[in-house]
Amino acid sequence: MSATLEIVQTGAALSVQDLGRHGFRAQGLTVAGAMDTDALFEGAALLGQAASCAAIEMAGSGGSFRSDADVRIALTGATMAANIDGSPLVWNASHLLPAGATLSIGGARNGSYGYLHVGGGIDTPLVMGARAAHLRAGVGNTLQTGDRLPLGADKGGETSQAISPQNRLDGGAIRVVASMQTEAFSVETRERFTQTTFRRDPRGDRMGLRMDHDGEGFSTGAQLSIVSEVVVPGDIQIAGDGAPFVLMYECQTTGGYPRIGTVIPCDLPRMAQTQPGTAVHFTYVKMDEAVALQQRHQQYLTTLRSRVTPLIRDPATIRDLLAYQMVSGAISATANPFEE
């Protein structure tokens with residue numbers, strides 16, 4: 001019998017997520033999957049397994065978990081306080097969750113989505129080729145207290161591994177490319193868009209994130225004549241009240257609001273992790289630059305495994321040991337410190 005992970009208590013919206021469900025847009029179903037796909041690659045690197053393994057996505061806060069067998073776990077994404085039976089855990093690291101022990105994960109200290117990975121991945125049934133919940137479409141559902149999730153066979157063995165991820169939890173610059181209606185906005189409007197500091201509205205979810213700002217809204221003279229057409233995650237629609245709305249992974253497949261730009265894929269994890277009230281600003285990049293940035297990011301993800309290091313380093317394996325200050329603060333056992 002395979003090991004299971006019990007949801008002892010839920011703290012917020014928990015769901016099983018992987019890299020998403022591809023190939024069904026023509027049938028009206030978007031990809032969904034993890035809001036922060038980088039976190040899946042980081043968890044996979046820490047556990048030495050494929051990034052396609054499903055994990056538990058924790059929106060805003062975690063919960064309590066218990067396994068009926070020893071299980072390797074990893075924690076990535078938005079940093080949250082975590083402990084096993086009261087012993088604190090390091091985030092962005094892998095640990096052993098002993099059978100019967102309770103893993104407790106609190107609220108997000110920064111970022112919006114944390115991830116709990118297990119060795120072998122969450123092994124819930126595949127639905128249309130993926131395990132990801134698509135909450136808007138009714139595929140899968142949020143996890144509830146008492147749920148037991150089957151775990152896949154874990155082929156690894158190492159724990160106490162750590163990784164230092166690229167910072168994406170504090171908002172900042174979000175790069176966009178021109179979209180279908182970008183040219184319909186005046187040059188002045190586009191310049192004001194890039195010069196405006198936005199704040200994420202608390203009303204965001206897995207479908208999209210509304211952006212607040214000071215001053216007048218954004219609009220185009222063609223606002224009422226746009227025919228509904230295909231939209232994709234990252235599209236920035238301008239709603240009727242003039243506020244930008246960034247579509248995320250559970251967005252609709254078509255829409256009729258004008259789009260002032262589209263967030264490039266490698267910046268979507270940063271967009272997803274922006275907490276309510278955090279400042280962001282948008283900057284346009286050319287399509288060839290966006291392609292190069294995406295290729296560079298994909299290459300970075302493939303090298304994550306080589307960036308994993310032990311939580312506790314063995315001096316015998318530190319190649320630059322002499323560069324460390326090993327005797328700072330040393331005192332004499334015989335000298336009187338009060339004598340000059």
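## Exercises on a barrel and its salt bridges

With a relative accessible area of 4%, Q237 counts as buried (buried means under 20% relative accessible area, exposed over 50%, partly exposed in between, with a 1.4 Å probe and protein chains only). A word on the model before we start: it is predicted, so local features need pLDDT of at least 70 and side-chain atom pairs count only at pLDDT 80 or more, while totals for chains, interfaces and linings use all residues. Residues are numbered from 1 along each chain as its sequence is written, and side-chain values use heavy atoms, with hydrogens and water left out.

**Exercise 1.** Find the strand that holds Q237 and list the contacts of this residue.

*Solution.* Step one: Q237 belongs to strand β15. Strands (E, at least two residues) and helices (H or I, at least four) are DSSP runs, numbered from the N terminus. Step two: set aside the neighbours within four places in sequence, and Q237 touches V231, A243, P244, F245, L247, Q252, G255, Y257, P258 and R259. Contact here means heavy atoms within 4.5 Å.

**Exercise 2.** Trace the closed barrel and examine how β12 joins β19.

*Solution.* Step one: follow the seven strands in the order β11-β18-β15-β16-β13-β12-β19; their pairing is mixed. Two strands pair if DSSP finds at least two bridges between them. From one strand to the next, the twist averages 40°; axes are lines fitted to C-alpha atoms, for helices over the stretch in contact, and angles run from 0 to 180 degrees between N-to-C directions.

Step two: β12 (residues 198-200) and β19 (residues 279-284) run antiparallel and are joined by two bridges. R199 has A279 in β19 as its bridge partner.

Step three: look for the helix. Helix α2 (residues 187-195) lies across β12, β15, β16, β18 and β19, at about 140° to β19.

**Exercise 3.** Work out which parts of the chain are linked by the salt bridges of R148 and D267.

*Solution.* Step one: the structure holds 20 salt bridges, each a side-chain nitrogen of Lys or Arg within 4 Å of a carboxyl oxygen of Asp or Glu.

Step two: R148 pairs with E6, and their closest N and O atoms are 3.4 Å apart. R148 sits in strand β9 and E6 in strand β1, 142 residues apart. E6 counts as buried because its relative accessibility is 17%.

Step three: D267 and R175 form another salt bridge, at 2.8 Å between the closest N and O atoms. This pair joins the loop between β18 and α3, where D267 sits, to strand β11, home of R175, across 92 residues. D267 is buried at 4% relative accessible area, whereas R175 is partly exposed at 26%.

Step four: shared partners in salt bridges tie D201, R203, R210, D212 and D241 into one network.

**Exercise 4.** Place E183 in the chain, decide whether E183 is buried or exposed, and give the distance from E183 to R131.

*Solution.* Step one: E183 lies in the loop between β11 and α2. Step two: E183 has a relative accessible area of 63%, so E183 is exposed. Step three: R131 is 52 residues from E183 in sequence, and their C-alpha atoms are 39 Å apart in space.
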